[in-house]
Each structure stands twice: as C-alpha cells, then as structure tokens.
Amino acid sequence: MNIFTEGGRANFSTPTGRWMGIGPYYAMFPMKFAFEVVEKHSKEGDWILDPFAGRGSSIYAAATLGRHGVGIEINPVGWLYGHVKLNPPKEKYVIDRVIQIDRASQTIDKLTIQQLPEFFSYCFAPRVLRFLVSAREHLDWRKNIVDATVMAIILVYLHGKKEQSLSNQMRQSKAMHPDYSIKWWQERGEFPPDIDPVKFLAQRIEWRYEKGVPKHKTSRMIFGDSMKELKAPKKKILTKELFSLLFTSPPYFDITNYHYDQWLRLWMLGGDEQPKWNNKSVWQKKFSGKLDYKILLERVFTYASPLMRDDGIIYVRTDAREFTYETTLDILKRVFPQKTVKVVEQPFTKQTQTALFGDKSEKPGEIDILLLS
C-alpha cells in the first residue's frame with residue numbers, strides 16, 4: 001500500500017504513515033522527499049548516516065524501507081521524536097503511564113505552580129499545568145522508551161491551535177516569547193482551554209496506534225554532538241558496517257535559533273522557564289558566525305568520511321543563499337575529492353524546510369548537492 005497520498009502527504013491508513021509525522025519541528029525534510037532519496041540512492045540492507053538528523057526523517061525512511069539508519073541529533077526535542085518513532089512500545093504501557101502521571105499530578109504543591117512565570121498560567125489551564133509539571137518531574141525520557149513515548153506525544157501537542165493542543169492559542173512549530181504571547185492573549189481575551197489531559201492524550205495515542213506500528217530494520221537515533229560522536233565513535237552501531245549513503249541537511253546559516261524557538265518544549269525536558277538566545281554551543285545558536293559554521297561543517301563531514309564505503313553516495317540538501325551553498329559545496333569537494341559533483345536546484349515551494357510551518361519570507365530556494373563515485 002502506498003504510504004503517501006497523491007498530494008504527497010502521509011497516508012494515515014498505514015502504520016508507517018501514522019508514525020512518520022511525529023513531531024512538529026521548524027526545519028525538517030519533507031517526508032516524501034526523504035523516502036524518495038533513500039529509495040533511489042540505496043538498496044535494502046544498506047546503512048545510511050545522517051549527522052544532522054533533526055527529528056529523524058531520513059532515518060525513519062531508511063528503517064521502514066528495509067535499510068539500516070543511524071542519525072545523530074544534539075537537540076533533545078528532535079532526538080526524542082526520531083527515537084520514539086523508531087521504537088514505539090506497546091500502546092497499553094503508554095496510556096497506563098499517562099494515567100500514572102496524572103495521578104502523581106494531584107500531589108503537586110500549589111507553591112510549585114505559583115512560582116512559575118505568569119506565562120504558564122496564561123498558556124495552560126490549572127489541571128493541564130499540574131499534569132505537565134508532573135510529567136516533567138517523573139518521566140525518564142532519556143532511558144525509558146515508554147516514558148520517552150509519553151513525553152514525545154506531550155511535546156507534539158504541548159502548544160498549537162486552541163482545543164487541538166494543550167495550550168492557549170499558539171503556533172505549533174515554535175514557541176513565541178512569553179511577553180509577546182501574554183500581550184497577544186490579553187488583547188484578544190484568550191484563555192487556556194480546560195482540557196482533561198488524560199482523555200486528550202489517550203485519544204491521540206489510540207489514533208497513533210490504531211493501524212499498528214511500522215516494521216523496520218535496525219536503526220537508531222544517537223543523542224549527541226556529531227563532531228564528537230563521529231570523531232571517536234564509541235557506539236558499536238557506528239562501526240559495525242560502512243555507510244553507503246550519507247543523507248543529511250545541515251542547519252542553514254543565520255536562519256533560526258533551534259534552541260530558542262523550541263524553548264517551551266525544552267522546558268518540558270528540564271530546561272529553563274524562559275527562552276534564552278545565547279547558548280554556549282554553536283549547535284544551539286542561530287549559526288550566525290561564519291567561522292563557526294565552516295568549522296562545524298568541515299569537522300562533521302571530515303569525521304564522517306572514513307565511515308563511508310568507497311562507492312558511497314553523499315546527498316546534502318542546503319540553502320541556496322550564496323554563503324551557505326558555496327561553503328557547503330567547497331567543504332564537500334575538499335573532503336570527498338575523488339567524487340563527481342552533481343548539483344540540483346530546488347526552487348522555493350511551500351515544501352522547503354523553512355516554509356513548512358509558516359515562514360513566508362522570500363528565499364532563493366534550496367539546492368541538493370550529490371557526490372557520486
């Protein structure tokens with residue numbers, strides 16, 4: 001059965017289609033594109049590497065098409081989405097855990113809620129907020145796949161359209177600044193919806209599992225920094241086989257701050273109660289320093305090079321703006337000098353990475369760089 005509709009959207013009548021869309025994320029591969037590239041440039045049983053995996057679209061495509069995939073992602077939001085859809089546990093365990101978290105929320109001290117910034121009381125109804133605080137305190141999402149799945153489902157619906165998410169009216173793809181949000185809600189008289197979090201989440205979990213779970217080959221998402229993971233890989237899966245396809249899309253230069261844009265979801269994962277623009281890691285900034293950006297790409301592709309088969313294919317989607325494109329192309333040529341370069345322009349459409357969730361600013365489009373033997 002086709003896993004995409006004629007319009008290129010996920011076919012929700014299949015388990016692969018139901019699970020592929022987990023996780024709103026500001027910059028990501030369109031899923032149909034990910035499946036097309038994996039199917040065209042690899043064969044069943046091959047190993048595929050994505051060092052900038054985001055929510056793991058490339059790795060999910062590889063896994064469900066009979067390949068093996070390894071993705072590396074430093075942002076815990078993206079990593080969690082990718083990790084969960086590759087390893088969904090039994091539905092009963094997930095719903096039972098939601099109920100446990102709700103019961104534990106009844107013991108949350110009122111002072112704990114009152115000490116949160118006022119944004120939270122404008123954004124969430126009291127029982128929703130208690131549930132979220134309880135989930136934040138009790139879910140071991142890094143180590144336990146059931147807890148990870150519950151947390152991933154929470155993150156999907158943490159904010160978005162009113163009544164269709166757990167929050168007051170917000171964008172789903174990224175969280176706006178608290179001061180802006182409060183002012184916007186006050187001006188429009190918007191109040192958070194009084195939602196029963198157990199009923200709300202259980203319905204969506206049941207829908208996700210209704211068609212079953214996708215069958216796939218051994219694949220995984222690694223939570224970490226590619227510059228470290230690829231340089232001295234300690235994970236056996238990184239050295240078990242050489243990769244036949246490196247398929248990725250590095251962060252675009254000076255487009256968005258992935259850490260800042262996801263601040264509310266990062267709060268759910270134990271982060272700060274307020275968005276912070278400056279972070280220590282270049283991975284968490286807006287990639288606005290040209291030298292840092294060059295170092296990031298050069299190190300990642302250089303460290304990935306010895307993990308590739310001699311006849312391996314490099315497929316990189318990048319921004320068509322001059323600096324990002326020329327930097328990426330130059331580094332790829334230097335790291336893989338024996339390969340033939342093919343460049344395919346991708347004119348701007350609503351399916352580009354930065355347009356998928358409402359970014360309407362004019363852009364020159366994207367470019368696919370292929371390096372072939």
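Biologist: What do the buried residues of helix α4 pack against?

Modeller: The buried residues of α4 pack against α1 (15–20), α3 (57–64), β2 (68–73), α9, β3 (220–223) and α15 (263–268). Buried means under 20% relative accessible area, with exposed over 50% and partly exposed in between (1.4 Å probe, protein chains only). Contact here is heavy atoms within 4.5 Å. Helices (H or I, at least four residues) and strands (E, at least two) are DSSP runs, numbered from the N terminus.

Biologist: Anything I should know about the model?

Modeller: It is a predicted model, where local features need pLDDT of at least 70 and side-chain atom pairs 80 or more, while totals for chains, interfaces and linings use all residues. Residues are numbered from 1 along each chain as its sequence is written, and side-chain values use heavy atoms, leaving out hydrogens and water.

Biologist: Why is α4 largely enclosed?

Modeller: Because 11 of its 11 residues are buried, the rest of the structure largely encloses α4. Among those buried residues are W79, L80, H83 and K85.

Biologist: And what happens at the start of α4?

Modeller: There, a side-chain oxygen of N75 comes within 2.9 Å of the backbone nitrogen of V77. That is a polar contact (N or O atoms within 3.5 Å, one able to donate a hydrogen and the other to accept it; residues adjacent in sequence count only if both atoms are side-chain atoms).

Biologist: Back to that lysine. Which side chain of opposite charge is nearest to K85?

Modeller: That would be D50, 10 Å away, and buried K85 has no salt bridge. A salt bridge needs a Lys or Arg side-chain nitrogen within 4 Å of an Asp or Glu carboxyl oxygen; Lys and Arg count as positive, Asp and Glu as negative, with His and the chain ends left uncounted.

Biologist: Which backbone oxygen lies 3.2 Å from a polar atom of its side chain, then?

Modeller: The one of R55. Beyond neighbours within four places in sequence, K85 also contacts W19, M20, I22, G56, S57, Y60 and P214.

Biologist: New topic: which residues touch the most other members of the largest nonpolar core?

Modeller: L80, F124, I154, F247 and L264, out of 78 residues. Helix α9 (residues 145–156) gives the largest share, eight residues. Such a core joins buried Ala, Val, Leu, Ile, Met, Phe, Trp, Tyr and Cys through side-chain atoms within 4.5 Å.

Biologist: What is L80 in contact with?

Modeller: Setting aside neighbours within four places in sequence, L80 meets W141, A148, M151, A152, L155 and L269. A separate core of 33 residues includes L230, L246, L297 and F323.
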